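Notebook open, model loaded. I'm jotting down what I look up as I go.

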Amino acid sequence: MPPRAKPLSPDDRRAALVDATVPLLLEHGRAVTTRQIADAAGIAEGTIFRVFDSKDDLVMAALEHALDLDPFIARLGQVEPDQELGPLLLEVVELFQHRFERVFRLMTRMGMVGPPKAHRHMEAERERVAAILVGLVEPHRDSLRVPPGQLVHMVRLLTFSGTHPHISDGRPLSAEEIVDTVLNGVLKPQRKDS
């Protein structure tokens with residue numbers, strides 16, 4: 001007989017089920033079963049349906065949770081602002097890569113080609129991310145050839161495309177390569193004749 005679920009409020013039970021489901025979606029995609037979810041959550045299978053109307057409702061809630069930008073924004077807020085531009089950008093790119101890799105893997109497993117319709121409202125969150133990044137880069141403005149907002153845009157685009165397994169032709173760029181390309185380009189330094 002399956003273990004009896006610990007008494008939790010419906011909201012806490014929903015959150016526990018969502019947390020248990022996200023890793024299973026990364027592994028199994030939509031083929032995940034309610035039995036697997038129940039086992040991962042340490043509950044009886046029927047307990048799922050006390051707080052979710054269907055497996056699809058649980059999967060969508062887990063997907064929303066996995067795509068939520070708030071945890072990423074919190075990590076960006078922890079980047080030490082008083083550091084040289086190179087190490088600062090390296091830290092930022094590594095955070096972006098971690099997020100992008102997880103999102104790309106999840107979308108592939110789920111058979112998705114874009115974010116769910118409910119996530120098309122993320123423009124406000126993207127603006128928050130951009131504002132944090134511009135704030136981090138702003139102290140370096142005098143050393144840049146482009147405004148901080150343009151640098152942030154370039155870093156994000158190169159990180160996205162350089163991390164995406166299909167866009168990068170299976171040869172993703174490292175965080176170091178991305179930062180070096182943005183800051184130094186690809187040309188060798190010109191030797192000056194003495």
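**Backbone oddities**

I started with Asp-169, which counts as exposed because its relative accessibility is 64%. This is a predicted model, so I kept to features that pass its confidence cut-off, a pLDDT of at least 70 for local ones. I found Asp-169 in the loop that links α8 to α9. Its phi is positive, about 55°, even though the residue is not a glycine.

Next I looked at Gly-29, in the loop between α1 and α2. Buried or exposed, I wondered, for Gly-29? It counts as buried, because its relative accessibility is 0% and the cut-off for buried is under 20%. Gly-29 comes after α1 and has a positive phi too, near 65°. I then asked which residues Gly-29 touches, leaving out those up to four places away in sequence. I got Leu-24, Arg-109 and Met-110. I also checked Gly-29 against Met-107: the C-alphas sit 8.5 Å apart, with the two positions 78 residues apart in sequence numbering.

**Helix α1**

I moved back along the chain to α1, residues 10-28. I counted 19 residues and a reach of 26 Å from first C-alpha to last, close to the expected 27 Å. Where does α1 bend? I put the bend at Thr-21, about 25°, and noted that Pro-23 follows within four residues.

I listed the buried residues of α1 as well: Arg-13 and Leu-17 are on it, along with Val-18, Ala-20, Thr-21, Val-22, Leu-24, Leu-25 and Leu-26. So Thr-21 turns up both at the bend and among the buried residues, which I read off with under 20% as the cut-off. What covers them, I asked? The cover includes α2 (34-41), α3 (45-51), α4 (55-67) and α6.

**Cores**

I went on to the largest nonpolar core, which has 27 residues. Leu-89, Leu-133, Val-137 and Leu-151 touch the most other members. At least two residues of this core come from each of α5 (70-76), α6 (85-110), α7 (123-137), α8 (148-163) and α9 (175-184). Which helix gives the most? I have α6 down for that, with nine residues.

I picked Leu-133 for a closer look and skipped its neighbours within four places in sequence. That left contacts with Leu-76, Val-92, Phe-96 and Val-152. I also noted a second, separate core of 24 residues. Among its members are Val-18, Leu-26, Val-32 and Ile-37. I had already met Val-18 and Leu-26 on the buried list for α1.

Terms used. Residues are numbered from 1 along each chain as its sequence is written. This is a predicted model: local features need pLDDT of at least 70, side-chain atom pairs count only at pLDDT 80 or more; totals for chains, interfaces and linings use all residues. Side-chain values use heavy atoms; hydrogens and water are left out. A nonpolar core is a set of buried Ala, Val, Leu, Ile, Met, Phe, Trp, Tyr and Cys residues joined through side-chain atoms within 4.5 Å. Buried means under 20% relative accessible area, exposed over 50%, partly exposed in between (1.4 Å probe, protein chains only). Contact means heavy atoms within 4.5 Å. The expected span of a helix is 1.5 Å times one less than its number of residues. The bend at a residue is the angle between axes fitted to the seven residues ending there and the seven starting there.
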